[in-house]
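User: I've got a model open and I'd like to learn how to read it feature by feature. Can you walk me through it?

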Amino acid sequence: MVNILKQMTPAMIGYLKGLIYRNTRTSCVCLASLSELAHDQLYRLLYIDFPYSRRLWEWFASKLIGEGGYLILDDTTWQRWTRKAEAVSFVWDSSIGKVVFGMSVVLLVWTDGKRKVPLGIRVWQKGGKSKVVLAEELLRQARSRGISPEFVLFDSWYSASSILHLIESFGWRYIAAAKRNRLFDGVKIGKVFHHRFGRRIGSLRKLRHQILLVKDGTKFLMTNELSLTSRAVKRLYRYRQQVEETFRLLKQEFGWGKCRARSLQAQTAHLHLGLYALCLVQMKTKDETVYKFKQNLFREAIPTENQFIQTFTVFA
């Protein structure tokens with residue numbers, strides 16, 4: 001067996017080492033100060049042609065996922081303090097409830113309730129493909145790799161008819177939030193139930209299969225698995241919170257949103273390296289959280305390249 005880290009360039013190892021061992025600014029100068037490399041080497045790493053998405057699957061994700069599990073779709077946004085960068089525009093930031101000038105990324109995550117394994121990302125660009133189309137690309141990619149989840153979970157933003165039809169055509173099951181203004185058996189969902197809780201089987205407008213609609217207070221959930229109880233639908237949908245935790249980890253611990261590069265190619269490389277770092281850490285954690293693991297690493301000295309390779313051994 002071959003240690004995957006030995007297939008990486010010194011620059012990639014140095015970049016990952018900086019992301020994992022310290023929560024420093026993710027400029028090439030700051031990351032280079034944590035290794036034996038010149039910052040130019042890290043800078044060039046961001047601009048080389050490299051199959052980051054394929055290597056994410058081959059090196060890490062394929063070794064972390066198990067049978068079943070849940071696929072979760074969502075997107076995240078962060079502000080960029082520049083107007084002269086690619087893939088930057090006015091985007092909605094749900095965390096602060098207003099439009100900001102920044103970047104937006106669609107992410108597909110696999111989880112078993114504990115591990116959070118990123119399977120792929122797509123950077124949204126104004127005037128390009130919609131987030132729904134980007135999400136469909138990620139789902140097709142997951143299916144082509146043989147993934148067969150228990151359920152696909154997502155919020156109302158991704159409950160477009162095209163995504164629901166796609167998941168149904170795969171033979172997969174989904175649980176999604178539904179907007180109040182969608183038509184269910186000819187009536188707006190917000191007016192279907194007269195009490196705080198309820199369930200009903202019927203059809204959504206423009207949807208060719210039946211769904212189970214469940215009301216939970218002010219929230220509406222829908223699924224193509226008609227045999228589920230209302231309690232089971234609500235319980236399973238709670239797994240969607242794992243993607244929010246993934247975004248929090250990536251932003252707080254692995255440098256997402258902190259790269260100052262103006263090029264989309266460099267930003268995409270940085271985002272993937274953050275995903276690599278998250279996967280590497282999860283391969284080492286057992287009973288402790290990622291936060292606790294990184295806190296312990298922070299107390300340690302920065303390792304050399306060989307020490308890092310020995311610590312984070314991943315066999316192909």
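Analyst: Sure. Buried means under 20% relative accessible area, so that cut-off is a handy place to begin. Keep in mind that this is a predicted model.

User: Okay, let's try it: is lysine 234 buried or exposed?

Analyst: Lysine 234 has a relative accessible area of 19%, so it's buried. You'll find lysine 234 in helix α7, which covers residues 230-237.

User: And which residues does lysine 234 touch, beyond those up to four places away in sequence?

Analyst: Setting those aside, lysine 234 touches Phe197, Val214, Lys215, Asp216 and Leu221.

User: What about the rest of α7, how many of its residues are buried?

Analyst: Six of the eight residues of α7 are buried, so the helix is largely enclosed by the rest of the structure. The buried ones are Ser230, Ala232, Val233, Lys234, Leu236 and Tyr237.

User: What covers those buried residues of α7?

Analyst: The cover includes strands β1 (70-79), β5 (151-154), β6 (174-177), β9, β10 (211-216) and β11.

User: Next, helix packing. How do I read the angle between two helices?

Analyst: Look at where the axes cross: angles of 65 to 115 degrees count as roughly perpendicular. Take helix α1 (residues 10-21) and helix α10 (residues 290-298): their axes come within 9 Å and cross at roughly 105 degrees. That makes α1 roughly perpendicular to α10.

User: Which residues of α1 and α10 meet?

Analyst: From α1 you have Leu19, Ile20 and Tyr21, and they meet Lys294, Leu297 and Phe298 of α10. By class, the contact of α1 with α10 has five nonpolar residues, no polar ones and one charged.

User: Can we zoom in on leucine 297?

Analyst: Happily. Leucine 297 sits in helix α10 and is buried, with a relative accessible area of 5%. Leaving aside neighbours within four places in sequence, leucine 297 is in contact with Ile20, Tyr21, Arg22 and Phe312.

User: How many residues apart in sequence are leucine 297 and isoleucine 20?

Analyst: They're 277 residues apart in sequence, while in space their C-alpha atoms are 8.1 Å apart.

User: Could you show me another helix pair?

Analyst: Try helix α8 (residues 241-253) with helix α9 (residues 264-284): the axes come within 10 Å and cross at roughly 110 degrees. α8 and α9 are therefore roughly perpendicular to each other. Thr246, Leu249 and Leu250 of α8 make the contact with Gly274, Leu275 and Leu278 of α9. Sorted by class, the residues in the contact of α8 with α9 are four nonpolar, two polar and no charged.

User: On to aromatics. What describes a pair of aromatic rings?

Analyst: A pair of aromatic rings is described by the distance of the centres and the angle of the planes. A search of the whole structure finds 17 aromatic pairs. One of them joins phenylalanine 193 and phenylalanine 220, which are stacked at 6.4 Å centre to centre, with 20 degrees between the planes.

User: Where do phenylalanine 193 and phenylalanine 220 lie?

Analyst: Phenylalanine 193 is in the loop between β8 (187-188) and β9 (197-202), and phenylalanine 220 is in strand β11 (residues 219-223), so the pair ties together parts that are 27 residues apart in sequence. Phenylalanine 193 is buried at a relative accessible area of 10%, and phenylalanine 220 is buried at 2%.

Analyst: For another ring geometry, the centres of phenylalanine 308 and phenylalanine 312 are 5.0 Å apart and the planes are at 35 degrees, so that pair is tilted. Phenylalanine 308 and phenylalanine 312 are buried as well.

User: Which residues form an aromatic cluster?

Analyst: Phe50, Tyr52, Trp59, Phe60 and Tyr276 form one.

User: And which lysines lie over the face of a ring?

Analyst: Lysine 131 lies over the face of tryptophan 124, 5.8 Å from the ring centre. Lysine 294 lies over the face of phenylalanine 254, at 4.8 Å from the ring centre.

User: Last one, backbone angles. What is phi of alanine 87 near?

Analyst: Phi of alanine 87 is near 60 degrees, a positive value in a residue other than glycine. Alanine 87 lies in the loop between β1 and β2 (89-93) and is buried, with a relative accessible area of 13%. Aspartate 185 isn't a glycine either, and has a positive phi of about 55 degrees. Aspartate 185 is in the loop between β7 (183-184) and β8, and is partly exposed, with a relative accessible area of 46%.

How values were computed
Residues are numbered from 1 along each chain as its sequence is written. This is a predicted model: local features need pLDDT of at least 70, side-chain atom pairs count only at pLDDT 80 or more; totals for chains, interfaces and linings use all residues. Side-chain values use heavy atoms; hydrogens and water are left out. Helices (H or I, at least four residues) and strands (E, at least two) are DSSP runs, numbered from the N terminus. Buried means under 20% relative accessible area, exposed over 50%, partly exposed in between (1.4 Å probe, protein chains only). Contact means heavy atoms within 4.5 Å. Axes are lines fitted to C-alpha atoms, for helices over the stretch in contact, and angles run from 0 to 180 degrees between N-to-C directions. Angles under 35 degrees count as roughly parallel, over 145 as roughly antiparallel, 65 to 115 as roughly perpendicular and the rest as oblique. Ala, Val, Leu, Ile, Met, Phe, Trp, Tyr, Cys and Pro count as nonpolar, Asp, Glu, Lys and Arg as charged, and the others, Gly among them, as polar. Rings of Phe, Tyr and Trp (its six-membered ring) pair if their centres lie within 6.5 Å; planes under 30 degrees apart count as stacked, over 60 as edge-to-face and the rest as tilted. A charge sits over a ring if NZ of Lys or CZ of Arg is within 6 Å of the ring centre and within 35 degrees of the ring normal.
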